[in-house]
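Got your viewer open and a hand on the mouse? Here is a walk through one structure, stop by stop.

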Amino acid sequence: MHRKQTIKTKSVMKTIKKLFLCSAAAMMAACNGNKFHVQGEVTGAADSVLYFEHVGLNGIEETGRVTLDKNGQFEFSGEAPDAPDFYRLRISDQIINVAIDSTETITVKARYPQMATIYDVEGSANNQKIKELALKQIDFQERVIALEGSGSLTNDELRDSLQRMLDRYKEDVKRDYIYKEPYRSYAYFALFQTLGPWLIFDPKNNSDDVRVFAAVATSWDTFYPGAERGENLHNIAIEGMKNIRILEARQHAQTIDGSKIVESGVIEVLLKDNRGRMQRLTDQKGKVVLLDFHVFGLADSPKRILSLREYYNKYHAQGLEIFQVSLDKDEHFWKQMTDALPWISVRDAEGSASPLLVSYNIQTLPEFFLIDRQNNLVKRSSQIENLDAEIKALL
């Protein structure tokens, strides 16, 4: 009996111990909340400081560090983001970029002093792609440097060869990394690759590159609505469209009558109003314009119209104009709803298929923008906290 009792007691103790360990693990998980983990090892870096840095829109911020021992093991963690975010592991000028998408655990194994190129990453398909992109970028830079140093080409030949190399690289990255899955963190990462101090994809001066930024921005709006990085992509795309229009106007000025040039920082809107007259957005130059994209069939339309009336009544005499673009499909209904409105009311019969929605990167309606007296698009709604104050500042 005593032996049987002892065996039974041991069995009970094992069960209790197992339950205790499970409960402790559950409590620890609850206390830790939703966190991500980046762990691994960097060999050949004993006594070196490994930094874990957040790569934000406003700069790089250290979030952790560890002095490595001979084994080189490390572990960092942080709060899981609502949308993809970016960090990096750094020793001196050797950098490994890491994308964080959720509560994942990412394992990085590297060898110093070549850790930027000699490393493995596990636990994240996105970070595998980022590694591929980083290695492609390094290879591209090395080929450019080799070509520039060859001395076998004239300046014109060198420029043409470099342009062809750049075009091929961009086409490969667009096809295999950006357009393939534009909502992924590696697609966002690809947009900001550099060649020396310059962005490889140049949204300020290249209309094709603006479209690439806009494609990723649109996808991020769908998968991560309200994400700061998605909004930033929208702003870059809109600013790029504005810059390109200015550049094109300057180029055309060399070949056509300068008096016919309208150098504008906005994307033109040319539609008929509710009286049948053609209205052109750029004709409002000299006024502060609230460009409003609207659907009168929406439930909250009456409330929005009342709000716009208040701004119009308050500031129209000082130079404010409202240029409202309706996307309603029913023309008769639209004319009824706009008959008594004092501002410019135009309608795009293509509705939700309007090219203007793509050009202005509009994902949800209603949406509005502020345009200054020089026809420059200044801000979109998501950038405006106090509309009254913003209008007064522009007036």
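The tour goes from a sheet to a helix pair, then on to salt bridges and a few backbone oddities. Keep in mind throughout that this is a predicted model.

**Stop 1: the sheet**

Start by colouring strands S3, S2, S5 and S6: in that order they make up an open sheet of 4 strands, with antiparallel pairing. Which strands stand at the edges? Select 59-67 for S3 and 94-100 for S6; each has a single partner strand, so one side of each is left without a neighbour in the sheet. Now tilt the view and look across the strands: on average, neighbours in this sheet are turned by 25° against each other, direction ignored.

Next, zoom in on residues 85-91, which form strand S5. S5 and S6 pair in the antiparallel sense, and 7 bridges connect them. To see one such pairing, click Arg-88 and then go across to Asn-97 in S6, its bridge partner.

Keep that view and add residues 125-149, helix H2. This helix packs on the sheet and touches S5 and S6. The direction of H2 makes about 145° with that of S6.

**Stop 2: two helices side by side**

Leave H2 on screen and show residues 155-178, which are helix H3. Two packed helices are described by the angle between their axes and the distance between the axes. For H2 and H3 the angle is about 175° and the axes are 11 Å apart. The two helices are therefore roughly antiparallel to each other.

Turn on side chains to look at the contact. From H2, the residues that take part include Leu-133, Phe-140, Val-144 and Leu-147. On the H3 side, Leu-162, Met-165, Tyr-169 and Val-173 are among those they meet. What kinds of residues make up this contact? The count comes to 11 nonpolar, 2 polar and 6 charged.

**Stop 3: salt bridges**

Side chains of opposite charge can pair when their charged atoms come close. How many salt bridges does a search of the whole structure find? The answer is 24, and here are a few to click on.

- Select Asp-120 and Lys-131, whose side chains meet in a salt bridge at 3.6 Å, N to O. Asp-120 sits in strand S8 (residues 119-122) and Lys-131 in helix H2, so this pair ties together parts that are 11 residues apart in sequence. Show the surface too: Asp-120 is partly exposed, at 49% relative accessible area, while Lys-131 is buried, at 15%.
- Jump to Glu-181 and Arg-184, a salt bridge whose closest N and O atoms are 3.5 Å apart. Glu-181 counts as partly exposed, with a relative accessible area of 21%, and Arg-184 is partly exposed as well, at 29%.
- Now pick Lys-314 and Asp-388, where the salt bridge spans 3.0 Å, N to O. This pair links distant parts of the chain: Lys-314 belongs to helix H7 (residues 301-315) and Asp-388 to helix H10 (residues 387-394), 74 residues apart. Lys-314 is partly exposed, with 48% relative accessible area, whereas Asp-388 is buried, with 15%.
- Finish with a trio: Glu-53, Arg-88 and Arg-90 are joined into one network by salt bridges that share partners. You have already clicked Arg-88, the bridge partner of Asn-97.

**Stop 4: backbone oddities**

Most residues other than glycine have a negative phi, and most peptide bonds are trans. The next four picks go the other way.

Select Tyr-112 and Pro-113: the peptide bond between them is cis, with omega near 15°. Pro-113 lies in the loop between strand S7 (105-111) and S8.

Move on to Leu-365 and Pro-366, also joined by a cis peptide bond, with omega about 0°. Pro-366 is in the loop that runs between helix H9 (355-359) and strand S16 (367-371).

Stay in that loop between H9 and S16 and click Asn-361. Its phi is positive, near 55°, in a residue other than glycine. Is Asn-361 buried or exposed? It counts as buried, at 2% relative accessibility.

For the last pick, select Asp-47, in the loop between strand S1 (35-43) and strand S2 (49-56). Asp-47 is not a glycine, yet it has a positive phi of about 75°. With a relative accessible area of 65%, Asp-47 is exposed.

Methods
Residues are numbered from 1 along each chain as its sequence is written. This is a predicted model: local features need pLDDT of at least 70, side-chain atom pairs count only at pLDDT 80 or more; totals for chains, interfaces and linings use all residues. Side-chain values use heavy atoms; hydrogens and water are left out. Two strands pair if DSSP finds at least two bridges between them. Axes are lines fitted to C-alpha atoms, for helices over the stretch in contact, and angles run from 0 to 180 degrees between N-to-C directions. Contact means heavy atoms within 4.5 Å. A salt bridge is a side-chain nitrogen of Lys or Arg within 4 Å of a carboxyl oxygen of Asp or Glu. Buried means under 20% relative accessible area, exposed over 50%, partly exposed in between (1.4 Å probe, protein chains only). Angles under 35 degrees count as roughly parallel, over 145 as roughly antiparallel, 65 to 115 as roughly perpendicular and the rest as oblique. Ala, Val, Leu, Ile, Met, Phe, Trp, Tyr, Cys and Pro count as nonpolar, Asp, Glu, Lys and Arg as charged, and the others, Gly among them, as polar.
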